[in-house]
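Below are some comments on the model you sent, set out as numbered points. They go from the overall fold to individual side chains.

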Amino acid sequence: MIIRRVMMDDLEEVVNLESAAFKMTKQQTRNDMVGRIENYPDTFLVAQEDGKVIGHIFGPAFSKCYIEDELYLKNHPNQKNDHYQMVLSLAVLPEYRKQGVATKLIEALAQEAIKQNRQAISLTCLPKLIKFYEKRGFHNEGETNDDIPDPTGVTSVNMVRTL
């Protein structure tokens, strides 16, 4: 397995993975992914095995510690002076889960964030994933202040890992 920066040639595989993982339409996902690949290719990483994308992690740098809804809705290029590396998505194909792929993606993004002088990595997750992220150095910093309501009523939490 190799971890590398995303390329536009990865678009269809990334769209399929993301839309399946987060139950989004492929068209909506495709539009989002094109903007993300164009705006922050240095912090959009894929795990590849035998020529196949098996997982990805991505997010922009941001000036604030916690993810805000605007980051999901509007892609913007990474800014040199932003202190925080956001994770908007971490997804792995089902047949490759529980094999360390997600952990390797997190660590690769952490190394990229360190190179870019970021102070921390920040993400939101559902309560069922708190322990997963805590084992990888993240700290639970409480419930999010999402403006977009979750249809299931479950509140996400802010998780931050200092670099």
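1. How many helices and strands does the secondary structure of the protein come to? There are 5 helices and 9 strands. Please bear in mind throughout that this is a predicted model. Along the sequence, the elements follow the pattern β-α-α-β-β-β-α-β-β-α-β-α-β-β.

2. On overall dimensions, the radius of gyration of the protein is 15 Å, which agrees with the value near 15 Å for a compact globule of 163 residues. Taken along the principal axes, the box filled by the C-alpha atoms is roughly 40 × 35 × 30 Å.

3. On burial and surface, 46% of the 163 residues are buried. The protein exposes about 8800 Å², and 51% of this area is supplied by carbon and sulfur atoms.

4. On contact order, consider the contacts with a separation of 6 or more. Of these, 66% are between residues 24 or more positions apart.

5. Which residues do ring pairs link into a cluster? They are Phe132, Tyr133 and Phe138. The count for the model comes to 3 aromatic pairs. One of them is formed by Phe132 and Tyr133, with 4.9 Å centre to centre and 85° between the planes, an edge-to-face arrangement.

6. Are Phe132 and Tyr133 buried or partly exposed? Phe132 has a relative accessible area of 25% and is therefore partly exposed, since buried would require under 20%. Tyr133, at 8% relative accessibility, falls under that cut-off and so counts as buried. The edge-to-face pair thus joins a partly exposed ring to a buried one, as the pairing of Phe132 with Tyr133 shows.

7. Phe132 has a further partner in Arg136, which lies over the face of the Phe132 ring. The distance from the ring centre is 3.7 Å. Phe132 is thus a member of the ring cluster and also has Arg136 over its face.

8. Where does His76 lie? The residue is in the loop between α3 (70-73) and β5 (84-87). A polar atom of the His76 side chain lies 3.3 Å from the backbone oxygen of Ala61.

9. Which residues is His76 in contact with, leaving aside its neighbours within four places in sequence? They are Asn39, Tyr40, Pro60, Ala61, Phe62 and Leu71. Ala61 therefore appears both in this set of contacts and as the residue whose backbone oxygen lies 3.3 Å from a polar atom of the His76 side chain.

Definitions and conventions:
Residues are numbered from 1 along each chain as its sequence is written. This is a predicted model: local features need pLDDT of at least 70, side-chain atom pairs count only at pLDDT 80 or more; totals for chains, interfaces and linings use all residues. Side-chain values use heavy atoms; hydrogens and water are left out. Rings of Phe, Tyr and Trp (its six-membered ring) pair if their centres lie within 6.5 Å; planes under 30 degrees apart count as stacked, over 60 as edge-to-face and the rest as tilted. Buried means under 20% relative accessible area, exposed over 50%, partly exposed in between (1.4 Å probe, protein chains only). A charge sits over a ring if NZ of Lys or CZ of Arg is within 6 Å of the ring centre and within 35 degrees of the ring normal. Helices (H or I, at least four residues) and strands (E, at least two) are DSSP runs, numbered from the N terminus. The radius of gyration is taken over C-alpha atoms; the globule rule is 2.2 Å times the number of residues to the power 0.38. Contact means heavy atoms within 4.5 Å. Accessible areas come from the Shrake-Rupley method with a 1.4 Å probe; for residues, only the protein chains shown count as cover. A polar contact is a pair of N or O atoms within 3.5 Å; within protein, one must be able to donate a hydrogen and the other to accept it, and residues adjacent in sequence count only if both atoms are side-chain atoms.
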